[in-house]
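Welcome! Here is a short tour of one protein fold, written for someone meeting structures like this early on. Take a look at the sequence and the model, then read on.

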Amino acid sequence: MIVEKHKLNTQDNLTDTIEKSPTALVDKDNTTLEEVENNPLEDVYMAVRRVLESLHTNPDDESSPKLFRTVKIDNGQFERIVRTRGNTEYGIPFPAAFIRFVNVRYLVAQQRIGEGRATMRIRFVLNDLNNGDDVVETHGFRVFQQINDAIQDAKDYEAALNERCNLTYFDMPESLDHGVQPYWIDYEIWFRTSSSFQYRKWVDRYLVMPPFTNHSDAPEHDTDAHGDHDKPKIEEVAKFDPSVNTLPEDNV
């Protein structure tokens with residue numbers, strides 16, 4: 001039983017307002033491309049959160065209850081529940097899953113500017129009071145497999161997980177406190193910041209290089225009516241001087 005600590009005078013109907021609805025860029029003529037600002041860790045978190053919130057207690061029955069009643073960023077909620085001096089956390093419905101990022105680092109190689117690596121840790125907490133039962137005691141293993149399968153499947157439609165999201169570690173609880181059982185899952189993730197996005201600070205330009213290309217080759221792009229450039233002439237940029245010998249004398 002989780003005893004809820006005293007609440008402040010806050011609204012009871014607060015809801016999460018963060019929503020992600022990424023729209024694919026359309027590569028068409030006369031399309032204005034805007035600079036895209038994204039936070040890669042937030043994108044990964046929201047993608048994994050959507051995956052965890054879509055899981056059901058019965059994987060084969062979408063009408064069954066949701067597997068997790070709480071999915072949040074891990075900011076120490078579990079530690080505040082099981083602390084020896086008593087619970088100091090607001091009431092949390094269980095089962096719950098908490099997500100955090102550890103060992104976040106960025107690459108310094110010039111060709112990899114804007115790329116980073118991190119460990120994403122998912123701590124899911126079950127509340128099986130009869131965890132000594134022969135079937136229930138392995139419930140955590142089944143949930144672990146269900147989570148991992150769902151994350152791997154989500155790579156087909158969650159762009160934030162496409163770079164790399166590989167399973168590296170799983171751990172089971174060594175102690176059962178307050179009737180809840182925490183499990184750990186670690187994933188190695190790769191991510192890119194918006195500074196490396198291909199359309200960041202994008203400026204659309206049409207280039208001609210007379211005398212090889214001119215505005216008459218693509219008049220639809222000559223929006224300022226420049227017309228063809230008369231200079232330079234082909235004779236000025238393409239020459240052959242037979243007096244110049246670039247080969248070694250031994251090879252002549």
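**A first look at the fold**

Strand 3, made of residues 115–126, runs antiparallel to strand 5, and 12 bridges join the two. Please keep in mind that this is a predicted model. The protein chain around this pair has 4 helices and 5 strands.

**The sheet**

- One of the links between these strands is easy to find: Leu 126 has Gln 181 in strand 5 as its bridge partner.
- How are the strands ordered in the sheet? The sheet is open and has 5 strands in the order 1-2-3-5-4, with mixed pairing.
- Strand 1 (70–73) and strand 4 (164–171) are the edge strands, since each pairs on one side only.
- From one strand to the next, the twist averages 20°.

**Helices that pack on the sheet**

- Helix 1, residues 40–53, packs on the sheet and touches strand 1, strand 2 (96–106), strand 3 and strand 5.
- The direction of helix 1 makes about 155° with that of strand 2.
- Helix 3, residues 139–154, also packs on the sheet, where it touches strand 3, strand 4 and strand 5.
- The direction of helix 3 makes about 145° with that of strand 3.

**Two residues to find**

- Where is Asn 214? Look in the loop between strand 5 (181–192) and helix 4 (234–237).
- Is Asn 214 buried or exposed? Its relative accessible area is 10%, and buried means under 20%, so Asn 214 counts as buried.
- Leaving out residues up to four places away in sequence, Asn 214 touches Tyr 206, Val 208, Gly 227, Asp 228 and His 229.
- Val 237 sits in helix 4.
- Val 237 has a relative accessible area of 40%, which lies between the 20% and 50% limits, so this residue is partly exposed.
- Together with Phe 212 and Ile 234, Val 237 forms a nonpolar patch on the surface, and the three have about 280 Å² of accessible area together.

**The whole chain**

- Follow the protein chain along its sequence and you will read the pattern α-β-α-β-β-α-β-β-α.
- What share of the 252 residues is buried? Buried residues make up 30% of them.
- Among contacts between residues at least 6 apart in sequence, 61% join residues at least 24 apart.
- The accessible surface of the protein chain comes to about 17600 Å², and carbon and sulfur atoms account for 49% of that surface.

Conventions
Residues numbered from 1 in each chain as written. Predicted model: local features only at pLDDT ≥ 70, side-chain atom pairs only at ≥ 80, totals over all residues. Heavy atoms only, no water. Buried < 20%, exposed > 50% of the residue type's maximum accessible area, 1.4 Å probe, protein only. Contact = heavy atoms within 4.5 Å. Pairing = 2+ DSSP bridges. Axes fitted to C-alpha atoms, helices over the stretch in contact; angles between N-to-C directions. Patch = residues over 30% accessible without salt bridge, like charges linked within 9 Å, V, L, I, M, F, W, Y side chains within 5 Å. Areas by Shrake-Rupley, 256 points an atom, 1.4 Å probe, with all protein chains shown as cover. Salt bridge = Lys/Arg side-chain N within 4 Å of Asp/Glu carboxyl O.
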